[in-house]
Structure formats: C-alpha cells, structure tokens
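Here are a few friendly notes to read alongside the structure. Please keep the view open as you go through the points.

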Amino acid sequence: MDKSERLRVLGVIKEHIANNTTADAGGIMRVPMSDFTCQQLSAQEQDVLFRNTPLCMGLSSALPEPGTYWSDNETGIPILMVRDGEGRFRAFANVCRHRGSQVAPEGRGSKARFMCPYHAWTYGIDGRLMSINKKNHFGNVCREELSLFELPSAELHGTLWVRPAQGDPIDEAECLGGLEDEMAHWKLADFPFAHTQVIDAGANWKMAIDTFAENYHVSILHAETVGKEMKANVQTCDVFRNNVRFVYPNQKLDLMRFLSLDMERWPYPQIASTLYYLYPNVIMVIDTFGVDLVRIFPLEGSPSKSRTVHTWYVSPQMEPRLKEAGYSYEERVSRFRDVIVDEDYETIAKIQLNAERGIPSEWLLGRNEVALHHIHNALRSGLGRDMLPVEEI
Ligand code: FES
Ligand SMILES: [Fe+2]
C-alpha cells in the first residue's frame with residue numbers, strides 16, 4: 001500500500017469520523033442461515049473452494065531457506081511445501097507413491113530427504129523418488145515416474161499459494177488481482193515467521209471469517225478487550241475482484257486529529273490496522289507489530305465446525321526492539337487467541353446452534369457490514385450460486 005493510497009484511506013476515515021459514517025453497502029443483504037448448515041453446500045465448498053482454488057498458505061518466511069519444508073494438512077489434502085535447492089517454492093501431495101502413506105511429518109523444518117515411515121521409500125526435497133527399499137521386489141518400475149505428485153504453487157510478493165489439486169499453473173491475477181503492487185509494497189517476504197497456533201470453533205468457517213470483516217461489534221463484544229483500543233463502526237472497504245481490503249482505525253487516530261497534525265505525518269500502521277480478505281478463506285491483518293495471517297477451514301467435513309490456523313509474522317522493524325525488550329511472541333499470540341476464543345468464537349458457536357434450530361432463518365447484514373456483503377457473494381459466485389441482492393433502503 002503506497003503512500004498516496006494510505007493518505008487517501010486516512011482521508012476517507014477522517015471524513016467518516018467527522019460525519020459519524022462508515023463504509024456503506026447502499027442497502028441491506030439477507031443471508032440464508034442454510035448457508036451455514038447445509039451439508040451438501042459444505043461438500044461443494046470443500047471440492048470447489050478448498051481443493052480446486054488457489055489458497056494463500058502463508059508468507060515466504062515460513063520456508064526461510066533452500067532445503068526447508070512445511071507439511072500442512074488443513075486444506076483436507078496433505079500438502080508438502082518446500083523451498084528446493086534453487087530456492088524455488090514448490091508443493092507436492094504429501095502422499096507416498098508406494099501405498100499412500102503420509103511421507104513427511106506435519107510441521108516445519110529442514111531436511112535433505114524424506115523417508116516414508118511405512119516401508120522407507122525415500123524422496124528428495126524436489127519430490128523425486130530417490131530410492132525404493134528392497135527394490136528387487138518391484139521389478140522394472142521406473143523411479144523417475146514415481147515422484148510425489150506436484151501441485152500448482154506460486155510465490156507472489158512474499159505470499160505462498162497452493163492449489164491442492166493437480167492442474168494448470170496458478171494465475172497471479174486470480175489470487176491477487178488488483179492487489180499485486182500493494183502486496184509488493186508491504187515487502188511481506190521480509191517479515192520473519194514468529195509463531196503459529198490452531199483454534200477450533202463450533203461454527204461454520206464463513207461465520208468465523210465474518211467475525212474479522214466488520215468492526216461494528218468491537219465496542220460491544222470486545223468492550224473489555226480490543227474494543228478499548230479500536231474505534232468501532234468506522235472502516236473503509238475496497239474490493240479487488242474476489243478480495244477485499246478494509247482498514248480499521250484505532251483510538252490513537254483521535255490524537256492526530258486533536259493535534260491537527262498534517263495527515264502526511266500521521267504514522268499509518270500505528271493508527272490503523274489494514275485487513276485483507278484473500279479469497280476464499282484468509283484474513284490478513286497488518287499492523288505496527290507485523291502480519292497476522294488467519295487461515296480458516298471447514299473441519300471434519302462438517303458445516304458446523306471450523307479450524308482457524310493463526311500465524312504471526314513479526315515486523316522486521318519491530319523484531320530487534322521486541323527481542324531486546326524480552327517480548328514474548330507466545331504471549332502475544334495467546335492474547336489474540338483469548339479474544340477470538342472467549343469472545344468471537346464463543347458467540348458464533350451459539351449462533352451456529354440457533355442456525356441448526358432454524359432460528360432465525362436468515363441474517364440481516366446492515367449497510368455498514370459491507371465487506372460481508374462482498375465476501376458472501378464472492379463465495380456464491382465461486383460456487384456458481386445465485387448472488388444475494390442488496391436491498392436498497
Ligand atoms: S507407503 Fe510409503 S513406503 Fe510404503
Ligand atoms: Fe471480533
């Protein structure tokens with residue numbers, strides 16, 4: 001996000017605060033609760049959105065150097081991501097070509113080769129089958145034809161993308177359409193990996209995404225926690241194809257207004273958090289401390305359960321200062337968890353139960369919940385479903 005865009009966004013926020021307004025969808029939207037409970041829809045989402053769509057998996061520093069790997073099962077397909085000997089990001093189905101065992105253990109690390117734990121077939125970091133244990137029992141099978149199945153992957157301006165099904169290469173515009181320069185400007189590849197955690201919720205994965213995409217609720221649900229720092233019900237919303245950027249100001253912005261400081265001198269990341277919804281399942285939060293990448297998945301094939309994988313990448317400017325001050329990365333991540341678990345996800349778990357009871361039959365999204373309008377319709381469009389109309393009021 002370059003300086004002129006930051007200034008434009010701050011100008012919009014300043015106007016909203018002065019006029020007591022926020023980003024406006026121009027009408028309300030009704031979302032049927034069956035979108036959160038339908039088993040058939042859930043199966044379609046798993047196939048179309050989580051198998052055949054490029055997914056943002058993380059930032060480049062998750063694989064910091066050649067020879068590092070990251071094995072991740074959250075999409076529903078075991079995926080082995082590596083940085084090969086030439087430093088190229090590549091992804092494979094983490095499935096042995098002998099009898100289908102998972103080859104690399106889950107997690108991140110550094111390895112020259114992977115030995116399947118079942119019968120010890122061994123693969124290189126580039127996915128090639130290096131050796132077959134007791135090869136004489138396999139006749140003339142051709143090792144070269146038994147590499148791990150490679151999956152389409154791309155490293156785009158410091159972000160790592162994988163499509164969990166084999167097929168055409170990933171199209172950058174499909175992932176970041178319109179956001180390429182903005183992502184490049186953040187220099188995301190420079191943000192070191194700091195910490196990761198998994199949070200399960202008793203609610204549909206789209207409901208979990210929705211909790212991040214409006215700040216209408218922060219002074220209410222989060223009154224005793226983050227609501228003390230953030231401003232409520234004032235945000236921007238800009239759409240980039242399937243993706244959305246929304247900026248949330250915090251209370252420090254009032255100080256800038258109070259001091260009548262020239263907007264050019266407002267310290268952007270300290271007074272506003274920049275959030276992106278990256279289609280279909282990622283929320284990226286950029287603030288003065290770094291990047292929180294939040295990947296949200298359906299869990300166990302159920303429309304009623306979801307899994308959030310939260311990874312924090314620390315700001316390269318802040319890292320030395322935080323280390324010197326003895327700042328605990330674990331503590332920061334667990335504070336994030338407490339708010340999400342005790343406030344957001346506790347609330348949506350109750351909504352999920354009510355959705356399954358059929359009350360209410362639909363959500364009413366306000367004009368101020370504008371990013372949610374877009375997210376629900378982008379997902380519907382991706383699945384070939386009817387778009388929800390905006391009802392002018
Ligand atoms: S399943 Fe991997 S070596 Fe047998
Ligand atoms: Fe929240």
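1. His217 is a good place to begin: in this predicted model its relative accessible area is 15%, and because the cut-off for buried is under 20%, His217 counts as buried. You will find His217 in the loop between H5 and S14.

2. What does His217 touch beyond its neighbours within four places in sequence? Its contacts there are Thr211, His222 and Asp344. With His222 there is also a polar contact, side chain to side chain, at 3.1 Å.

3. Now for the metal. The iron ion (ligand 2) has as its protein donors NE2 of His217, NE2 of His222 and two OD atoms of Asp344, at 2.1 to 2.8 Å. The spacing of these donor residues in sequence is H-x4-H-x121-D. Since Asp344 sits in helix H9 (residues 329-357) and His217 in the loop between helix H5 (205-212) and strand S14 (238-240), the pair ties together parts that are 127 residues apart in sequence. Asp344 is buried, as is His217.

4. Why is the arrangement around the iron ion (ligand 2) irregular? Because the four donor atoms subtend angles of 51 to 148 degrees, whereas a tetrahedral label needs all angles between 85 and 135 degrees.

5. Elsewhere, do look at the open sheet: five strands, ordered S6-S3-S4-S5-S10, with antiparallel pairing. Strand S6 (107-110) and strand S10 (150-151) are the edge strands, each pairing on one side only.

6. Within that sheet, four bridges join strand S3 (residues 68-72) to strand S4 (residues 79-83) in the antiparallel sense. Asp72 is opposite Ile79 in S4.

Terms used: Residues are numbered from 1 along each chain as its sequence is written. Chains are lettered from A and ligands numbered from 1 in the order in which they are written. This is a predicted model: local features need pLDDT of at least 70, side-chain atom pairs count only at pLDDT 80 or more; totals for chains, interfaces and linings use all residues. Side-chain values use heavy atoms; hydrogens and water are left out. Two strands pair if DSSP finds at least two bridges between them. Helices (H or I, at least four residues) and strands (E, at least two) are DSSP runs, numbered from the N terminus. Donors are N, O and S atoms within 2.8 Å of the metal (3.2 Å for Na, K and Ca); water is not among the atoms, so sites may look incomplete. Four donors count as tetrahedral if all angles lie between 85 and 135 degrees; four count as square planar and six as octahedral if opposite donors are over 155 degrees apart and all others between 65 and 115; anything else is irregular. Buried means under 20% relative accessible area, exposed over 50%, partly exposed in between (1.4 Å probe, protein chains only). A polar contact is a pair of N or O atoms within 3.5 Å; within protein, one must be able to donate a hydrogen and the other to accept it, and residues adjacent in sequence count only if both atoms are side-chain atoms. Contact means heavy atoms within 4.5 Å.
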